[in-house]
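Reader: I am in my first year and would like to look closely at one part of a structure. Please start with the whole and then go to the part.

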Amino acid sequence: MGIRTEAGRPERKLTRKGQETRRRIVAAAAQLMYERGVTEATLEDVRAAAGVSGSQVYHYFEDKQALLLAVIEHQTESVLDMQQSHFAELDTMEGLRRWRDALVEYQLRLQCRGGCPIGSLGSEVAETNPEARLAAATGFLRWETAIRSGLQAMHDRGDLDGDPDELALATLAALQGGLLLTQLQRQVRPLEVALDAMLAHIEAHTTRT
């Protein structure tokens, strides 16, 4: 049974070595796009960084657009995987606070550099690349869904009387704004303030603590 490329074309199933080569290309492209931006990261740069030939790049990706879509997926998976252990605990205020602390600690380790990998890509492509914009929007939707799952569990137990959909969207929006200001100001306080304000708002809608 074949798999499909980002462009939707059939592709034969990759060998383990092929999967590893493809992952190396995507990882190299993700790092370059993260550091230089989508436009400045050329396929030749990616080839050199990944240590592969030009023919190998084109074997796995028809063009830069296909590679960009793979990078957005890669960055989405990386961002969500990093938080996965916390997502299961977002159904209590204690779990939400631990998630908040982990996000802040991660930014401290990064020295407040880089911002959100999904958001950085999304802001670059939003007005020029509809397909990539939708891919980034889908990544954010997955993030929002993970947050909403915990809030919905609180609501279902009767611990939360606010709307889980609205609270999840507001939480993600606060997080993204906090990450951007943290990146620009090179200090973690904007992220702390944004998340603390949002968690206080959620707590105000709880029926028990």
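How large is the accessible surface of the protein, and what share of it belongs to carbon and sulfur atoms? After that, please take helix 5: which of its residues are buried, and what do they pack against?

Author: The model is predicted. The accessible surface of the protein comes to about 11300 Å², and 52% of that belongs to carbon and sulfur atoms.

Some context for the whole comes first. The protein has 9 helices and 2 strands. Read from the N terminus, the order is β-β-α-α-α-α-α-α-α-α-α, with the two strands ahead of the helices. Its C-alpha atoms fill a box of roughly 60 × 45 × 30 Å, taken along the principal axes. Of the 209 residues, 42% are buried. Among contacts with a separation of 6 or more, 69% join residues that are 24 or more positions apart. As for charge, there are 24 positive and 30 negative charges, and their mean positions are 8 Å apart.

Now to helix 5. This helix covers residues 93-109, which is 17 residues. From its first C-alpha to its last it reaches 24 Å, close to the 24 Å expected at 1.5 Å a residue. The buried residues in helix 5 are Met93, Gly95, Leu96, Trp99, Arg100, Leu103, Val104 and Gln107. There is a general reason to look at the spacing in such a list: an α-helix has 3.6 residues a turn, so residues three or four places apart point the same way. In helix 5, Leu96, Trp99, Arg100, Leu103, Val104 and Gln107 are among the buried residues. The buried residues of this helix pack against helix 4 (64-87), helix 7 (130-157), helix 8 (164-185) and helix 9 (189-204).

One of those partners, helix 7, holds a pair of rings. The structure has 1 aromatic pair. Phe140 and Trp143 make up that pair, which is stacked, with 6.2 Å from centre to centre and 10° between the planes. The angle counts as stacked because it is under 30 degrees. Phe140 and Trp143 are 3 residues apart in helix 7, about one turn of the helix. Trp143 is buried because its relative accessible area, 2%, is under 20%.

What follows helix 5? The helix is followed by Gln111, whose phi is positive, near 60°. Most residues other than glycine have a negative phi. Gln111 is not a glycine, yet has the positive value. Gln111 sits in the loop between helix 5 and helix 6 (117-125). With a relative accessible area of 56%, Gln111 is exposed.

Arg186 can be set beside Gln111. Arg186, also a residue other than glycine, has a positive phi near 55°. Its place is in the loop between helix 8 and helix 9, two of the helices that the buried residues of helix 5 pack against. Arg186 counts as partly exposed, at 41% relative accessibility.

For a buried residue outside helix 5, take Thr21 in helix 1 (residues 16-36). Its relative accessible area is 6%, so Thr21 is buried. Leaving out residues up to four places away in sequence, Thr21 touches Val52, Gln56 and Tyr60.

Conventions: Residues numbered from 1 in each chain as written. Predicted model: local features only at pLDDT ≥ 70, side-chain atom pairs only at ≥ 80, totals over all residues. Heavy atoms only, no water. Helix = DSSP H or I, 4+ residues; strand = E, 2+ residues; numbered from the N terminus. Buried < 20%, exposed > 50% of the residue type's maximum accessible area, 1.4 Å probe, protein only. Contact = heavy atoms within 4.5 Å. Areas by Shrake-Rupley, 256 points an atom, 1.4 Å probe, with all protein chains shown as cover. Lys, Arg positive; Asp, Glu negative; His and termini not counted. Charge placed at Lys NZ, Arg CZ, Asp CG, Glu CD. Expected span 1.5 Å × (residues − 1). Phe/Tyr/Trp six-rings, centres within 6.5 Å; stacked < 30°, edge-to-face > 60°.
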